[in-house]
Each structure stands twice: as structure tokens, then as C-alpha cells.
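User: I have a structure open and would like to learn how to read it. Could you take me through some features, one at a time?

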Amino acid sequence: MGDFSPYETLGVTESASFEEIQTAKQNLERLHEGETKLLETIDMAYDAIIMERLRLRQEGKIKVPEQIRFPEKVTPAPKLSPNYPRINAQTPPWLQNVVDQPTVKEIAVSGSIFTVLTGISLFSQDPQTLPLLLTLGVATSCVILLRKNGRFWRAVGLTFASFVVGVLFSSLIFNLLVNSGLMINFSSEQFVSFITFFLLWLVSNFTR
């Protein structure tokens with residue numbers, strides 16, 4: 001397997017901004033948490049790009065953000081080992097800024113919460129319980145998104161949009177199923193809760 005460039009390793013283009021490069025590095029570190037060799041490859045690729053941009057800056061070819069601090073003596077950029085595969089090289093930078101790649105732990109924790117909420121909603125006989133459960137689901141989704149991106153209104157907006165789409169879509173599907181003569185053992189509220197919880201879990205885990 002031939003060598004891959006540092007840009008290919010991080011899955012960014014040579015014209016990518018410093019913010020896009022940082023985001024790509026952080027995404028890959030989260031995705032490959034605990035994989036020592038891959039994490040070393042990611043760090044080497046990031047360092048190689050920074051050093052290359054320092055050289056271009058010294059030659060007056062590009063302008064590098066002031067917040068980057070370089071060592072006074074430039075060391076040669078490390079060469080990536082050909083034994084490591086290219087990581088997410090086919091993922092466009094704009095998609096990396098929208099789609100998240102959660103860890104197994106994050107999926108398991110959020111999945112457990114939404115599974116419990118879904119289970120209670122499907123087997124609860126009290127109609128007043130469902131609004132409370134949906135409120136807890138919305139709050140959970142909002143907290144997960146807020147912890148990831150730190151932007152309150154973005155987290156609220158994505159959660160609210162997911163909730164509205166979930167309710168409208170599931171209501172439409174339920175009516176279509178009922179009108180087609182299919183027997184459904186759950187009420188419309190329970191069916192809507194199930195679909196909405198799934199969508200909230202999906203959006204909170206796989207978007208930024």
C-alpha cells in the first residue's frame with residue numbers, strides 16, 4: 001500500500017482552513033479512541049500539515065492564524081507509515097462538520113436512556129405519562145447535542161426540529177397504516193412516541 005499524504009489521512013483538502021483541519025483531527029480522535037497506532041498516525045498527519053504551512057508562511061505564500069504557535073526551530077515533517085490505512089479520506093470536509101461519529105460508549109449510554117423512555121411509553125396505561133416522557137426525551141437530546149458542540153441555540157434548534165418532524169412523520173405513517181386496514185396494538189400516541197424517540201436518538205448522536 002502506497003503512502004498517503006497528511007491531508008488524505010485527515011480526510012481534508014489542501015485548501016482546507018485551519019478550523020476544518022482541527023475539526024477533522026478531533027473527529028478522528030473521537031472515532032478511533034483507544035487505537036494507539038491510528039491516533040499516532042493522526043497526530044503525525046496533523047503535525048506534518050502544520051509544519052508545511054509554517055514553511056509556506058515563511059516563504060510568504062500563505063497566512064497562518066495568529067493563534068498557532070510554532071517552535072522557533074522547524075523540525076522535518078514526519079513521514080507517515082505505509083502500513084496505516086487512509087482514514088476517512090473520502091469524507092468531504094463539509095460533511096464532517098455536519099455528521100458526527102459517536103463512540104460506542106456514547107451510543108450505548110444515549111441508547112439506554114431512550115430505550116427506557118420508549119419502553120415506558122409503550123407499556124404505560126396512563127395517557128398523562130407520554131407528554132412527560134417526550135419532554136424527558138427532548139431534554140436528553142438537547143443535553144447530548146449541547147455537550148458535543150457547546151452551542152445552546154443550535155442544540156435547541158436541532159432537537160426541536162427533530163421532535164416536530166418525528167411527531168408529524170409518525171402521525172402520518174400511523175394514519176396510513178390504520179387506513180390500510182393493518183392492525184396496530186399501540187395507540188397513536190404510543191406509536192408517535194416510539195418513532196419520535198428513535199429520531200431524537202438518531203439526531204442527537206449522529207449530528208453536531
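User: In which helix is Leu158 found?

Analyst: Leu158 is found in helix α7, which runs over residues 152–179. Keep in mind throughout that this is a predicted model.

User: Is Leu158 buried, exposed or partly exposed?

Analyst: The general idea is to look at relative accessible area: under 20% is buried, over 50% is exposed, and partly exposed lies in between. Leu158 has 24% relative accessibility, so Leu158 counts as partly exposed.

User: What is Leu158 in contact with, beyond its neighbours in sequence?

Analyst: Once neighbours within four places in sequence are set aside, Leu158 is in contact with Leu145, Val203, Thr207 and Arg208. Take Arg208: 50 residues separate Leu158 from Arg208 along the chain, yet their C-alpha atoms are separated by 9.1 Å.

User: How does Gly166 read, buried or exposed?

Analyst: Gly166 also has its place in helix α7. Its relative accessible area is 0%, so Gly166 is buried. Not counting residues up to four places away in sequence, Gly166 touches Ile195, Thr196 and Leu199. From Gly166 to Phe198 there are 32 residues in sequence, and 8.5 Å in space from C-alpha to C-alpha.

User: What share of the chain's contacts join residues far apart in sequence, at least 24 apart?

Analyst: Among contacts between residues at least 6 apart in sequence, 72% join residues at least 24 apart. As for burial, 36% of the chain's 208 residues count as buried.

User: How many helices and strands does the chain have?

Analyst: The chain has eight helices and zero strands. Along the sequence this gives the pattern α-α-α-α-α-α-α-α.

User: How can I check the length of a helix, for instance α5?

Analyst: Count the residues, work out the expected span, and compare it with the distance between the end C-alpha atoms. The 20 residues of α5 should span 28 Å at 1.5 Å a residue, and the end C-alpha atoms are 28 Å apart, which agrees. For α3, residues 36–58, the 23 residues should span 33 Å, and the ends are 33 Å apart, which agrees as well. In α6, 21 residues reach 31 Å, close to the 30 Å expected.

User: Why would the buried residues of a helix lie on one side?

Analyst: An α-helix has 3.6 residues a turn, so residues three or four places apart point the same way. Now the case of α5. Its buried residues are Ser110, Gly111, Phe114, Leu117, Thr118, Ser121 and Leu122. They cover an arc of only 135 degrees around the axis, which puts them on the same side of α5. On the other side of α5, Val104, Lys105, Thr115 and Phe123 are exposed.

User: What covers the buried residues of α5?

Analyst: The cover includes α6 and α8.

User: And how do I read the angle between α5 and α8?

Analyst: Compare the N-to-C directions of the two axes; an angle over 145 degrees counts as roughly antiparallel. The axes of α5, residues 104–123, and α8 cross at roughly 170 degrees and come within 9 Å. That makes α5 roughly antiparallel to α8. The residues of this contact divide into ten nonpolar, eight polar and one charged.

User: At what angle do α6 and α8 pack?

Analyst: α6 (residues 129–149) and α8 (residues 188–206) pack at about 5 degrees, with their axes 9 Å apart. They are therefore roughly parallel to each other. Their contact is made up of ten nonpolar, seven polar and two charged residues. On the α6 side, the residues include Leu130, Leu133 and Leu134, and they meet α8 residues including Phe197, Leu200 and Val203.

User: What covers the buried residues of α6?

Analyst: α5, α7 and α8 are included in that cover. Among the buried residues of α6 are Gly137, Thr140, Ile144 and Leu145.

User: Which helices do the buried residues of α3 pack against?

Analyst: They pack against α1 (6–10) and α2 (18–31). Among the buried residues of α3 are Leu38, Ile42, Tyr46 and Arg53.

User: What is the phi of the glycine that follows α6, and of Gly60 just after α3?

Analyst: Gly150 follows α6 with a positive phi, near 70 degrees. Just after α3, Gly60 takes a positive phi of about 75 degrees.

Key
Residues are numbered from 1 along each chain as its sequence is written. This is a predicted model: local features need pLDDT of at least 70, side-chain atom pairs count only at pLDDT 80 or more; totals for chains, interfaces and linings use all residues. Side-chain values use heavy atoms; hydrogens and water are left out. Axes are lines fitted to C-alpha atoms, for helices over the stretch in contact, and angles run from 0 to 180 degrees between N-to-C directions. Helices (H or I, at least four residues) and strands (E, at least two) are DSSP runs, numbered from the N terminus. Angles under 35 degrees count as roughly parallel, over 145 as roughly antiparallel, 65 to 115 as roughly perpendicular and the rest as oblique. Contact means heavy atoms within 4.5 Å. Ala, Val, Leu, Ile, Met, Phe, Trp, Tyr, Cys and Pro count as nonpolar, Asp, Glu, Lys and Arg as charged, and the others, Gly among them, as polar. The expected span of a helix is 1.5 Å times one less than its number of residues. Buried means under 20% relative accessible area, exposed over 50%, partly exposed in between (1.4 Å probe, protein chains only). The arc is that of the directions from the helix axis to the C-beta atoms.
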